[in-house]
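Morning, everyone. Please bring up the model on your screens and give it a slow turn. I'll take you through it in a few short stops.

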Amino acid sequence: MTRKELDAFKQKLLNEKSVLLQGISPQMSGSPKTGDPEGGDVCDIASSDRERDLRLRLSERGREKLREIEDALERIEEGSFGDCEKCGAKIPKGRLKVMPFTTTCVACKSRQEKQRKLYDGASDFALSRDLGVSEMSKEEEE
Ligand SMILES: [Zn+2]
């Protein structure tokens with residue numbers, strides 16, 4: 001992937017990030033309404049502080065998405081963006097254009113989903129059986 005293409009993905013991700021952050025806090029995107037406890041200081045706050053504040057207001061789902069976007073941005077910096085984290089194959093650009101924050105190729109993704117479905121199907125049974133049994137947590141500690 002060329003630097004230019006990476007920059008385009010980066011731009012897209014940054015854009016999604018700001019949409020995500022501003023979407024949950026429209027009152028901070030420039031309207032000079034009174035009643036804001038911060039008053040006129042809002043504009044002076046460093047963007048990282050503002051971002052942290054916005055982040056706190058995100059729903060769990062929004063935070064999850066934000067994490068995916070930031071992970072993708074990190075991978076762009078590291079140079080591993082576009083590689084499948086499971087098998088190391090190159091993720092097709094078409095897929096990345098639709099979901100720039102994806103971390104797996106289509107094959108691995110569908111395998112992952114199949115596994116999750118199997119797990120979900122079994123979890124009801126497993127839960128009723130294993131609830132309160134300490135063996136499960138023992139396994140996780142290893
Ligand atoms: Zn893969």
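Let's start at the metal. The site of the zinc ion is tetrahedral, with angles of 104 to 114° among its 4 donor atoms. Keep in mind that this is a predicted model.

Which protein donors does the zinc ion have? They are Cys84, Cys87, Cys105 and Cys108, each through its SG atom. They lie 2.3 Å from the zinc ion. Along the chain, the donors follow the spacing C-x2-C-x17-C-x2-C.

Now, how open are these cysteines? Take three of them. Cysteine 108 is buried, with a relative accessible area of 5%. Cysteine 105 is buried as well, at 9%. Cysteine 87 is partly exposed, at 46%. That value falls between the 20% limit for buried and the 50% limit for exposed, so "partly exposed" is the right label.

With cysteines on the table, a word on disulfides. A disulfide is a covalent bond between the sulfur atoms of two cysteines. How many does a search of the whole structure find? The count is 0.

Next stop, the aromatic rings. A pair of aromatic rings is described by two things: the distance of the centres and the angle of the planes. The structure holds 1 aromatic pair. Why is the pair called tilted? The rings of phenylalanine 9 and phenylalanine 81 have their planes at 50°, which is neither under 30 nor over 60 degrees, so the pair is tilted. Their centres are 5.2 Å apart.

Where do these two rings sit in the chain? Phenylalanine 9 is in helix α1, residues 3-23. Phenylalanine 81 is in the loop between α3 (60-78) and α4 (93-98). They are 72 residues apart, so the pair links distant parts of the chain. Are the two rings' residues buried or exposed? Phenylalanine 9 is buried, with a relative accessible area of 4%. Phenylalanine 81 is buried too, at 6%.

Last stop, the nonpolar core. The largest one has 19 residues. Leu13, Ile69, Ile76 and Phe81 have the most contacts inside it. Helices α1 and α3 each supply at least two residues of this core.

Look at isoleucine 76 in particular. Leaving out residues up to four places away in sequence, isoleucine 76 touches Leu6, Phe9, Lys10, Leu13 and Phe81. Both phenylalanines of the aromatic pair are on that list. That's my tour. Thanks!

Notes. Residues are numbered from 1 along each chain as its sequence is written. This is a predicted model: local features need pLDDT of at least 70, side-chain atom pairs count only at pLDDT 80 or more; totals for chains, interfaces and linings use all residues. Side-chain values use heavy atoms; hydrogens and water are left out. Rings of Phe, Tyr and Trp (its six-membered ring) pair if their centres lie within 6.5 Å; planes under 30 degrees apart count as stacked, over 60 as edge-to-face and the rest as tilted. Helices (H or I, at least four residues) and strands (E, at least two) are DSSP runs, numbered from the N terminus. Buried means under 20% relative accessible area, exposed over 50%, partly exposed in between (1.4 Å probe, protein chains only). A disulfide is a pair of cysteine sulfur atoms within 2.5 Å. Donors are N, O and S atoms within 2.8 Å of the metal (3.2 Å for Na, K and Ca); water is not among the atoms, so sites may look incomplete. Four donors count as tetrahedral if all angles lie between 85 and 135 degrees; four count as square planar and six as octahedral if opposite donors are over 155 degrees apart and all others between 65 and 115; anything else is irregular. A nonpolar core is a set of buried Ala, Val, Leu, Ile, Met, Phe, Trp, Tyr and Cys residues joined through side-chain atoms within 4.5 Å. Contact means heavy atoms within 4.5 Å.
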